[in-house]
Amino acid sequence: MTTNYTNGFILVSPDSTAKSGQEPAKAGSVGAIQYAMLRDAPYKLTSDDLLFLTHAKRADIAEADWPAARQEFFSKPKACLRASPLVKQFGWGLHHDENSRVALYGVETEEYRGFAGRKDLKVVNGMRSSRT
């Protein structure tokens, strides 16, 4: 099972109040870790890579143990990046290229609007923060 999208774009959640892409302030949080990795290496990681590396960093898993830890991590279903705090709270859309690699784009940018309107991408909303 994979969380990867190919040729897709995850829009900011419909109930997000963010007017622009914001850097998550809480160091060590899921949002801050994901933001730093995507900011520093756009189109280098897949969704699966990003989710696992976030887990490994938060759980302080030694790099030598990553292969076994990754297998264990994905032995149970995982939520995709539609549930990421980046799209739910912080105003970032996530573009997945033809190789399933991810980059982030602030909701206020021309690039975000361009991806959101493309017919050749699978465009999906981020998950809502609340059920109402």
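This text walks through a few side chains and rings in a predicted model.

Start at H95. This residue sits in strand β2, which covers residues 92-96. Is H95 buried or exposed? Its relative accessibility is 7%. Buried means under 20%, so H95 counts as buried.

Now look at what surrounds H95. Its side chain makes a polar contact with the side chain of Y43, at 2.6 Å. Leave aside residues up to four places away in sequence, and H95 still touches G8, F9, Y43, R101, V102, A103, Y105, F115 and L121. Y43 is thus named twice: as a polar partner and among the residues in contact.

Next come the aromatic rings. How many aromatic pairs are there? The count is seven. One aromatic pair joins Y35 and W92. Their ring centres are 5.5 Å apart. The planes meet at 45°, and the pair is tilted. Y35 belongs to helix α1, residues 30-40, while W92 belongs to strand β2, so this pair ties together parts that are 57 residues apart in sequence. Both rings belong to buried residues: Y35 has 10% relative accessibility, and W92 has 11%.

Other rings gather in a group. F9, Y105, Y112 and F115 form one aromatic cluster. Some of these names are familiar from H95, which touches F9, Y105 and F115, among others.

Finish at F73. Which residue lies over the face of F73? K78 does, at 4.4 Å from the ring centre.

Conventions. Residues are numbered from 1 along each chain as its sequence is written. This is a predicted model: local features need pLDDT of at least 70, side-chain atom pairs count only at pLDDT 80 or more; totals for chains, interfaces and linings use all residues. Side-chain values use heavy atoms; hydrogens and water are left out. Helices (H or I, at least four residues) and strands (E, at least two) are DSSP runs, numbered from the N terminus. Buried means under 20% relative accessible area, exposed over 50%, partly exposed in between (1.4 Å probe, protein chains only). A polar contact is a pair of N or O atoms within 3.5 Å; within protein, one must be able to donate a hydrogen and the other to accept it, and residues adjacent in sequence count only if both atoms are side-chain atoms. Contact means heavy atoms within 4.5 Å. Rings of Phe, Tyr and Trp (its six-membered ring) pair if their centres lie within 6.5 Å; planes under 30 degrees apart count as stacked, over 60 as edge-to-face and the rest as tilted. A charge sits over a ring if NZ of Lys or CZ of Arg is within 6 Å of the ring centre and within 35 degrees of the ring normal.
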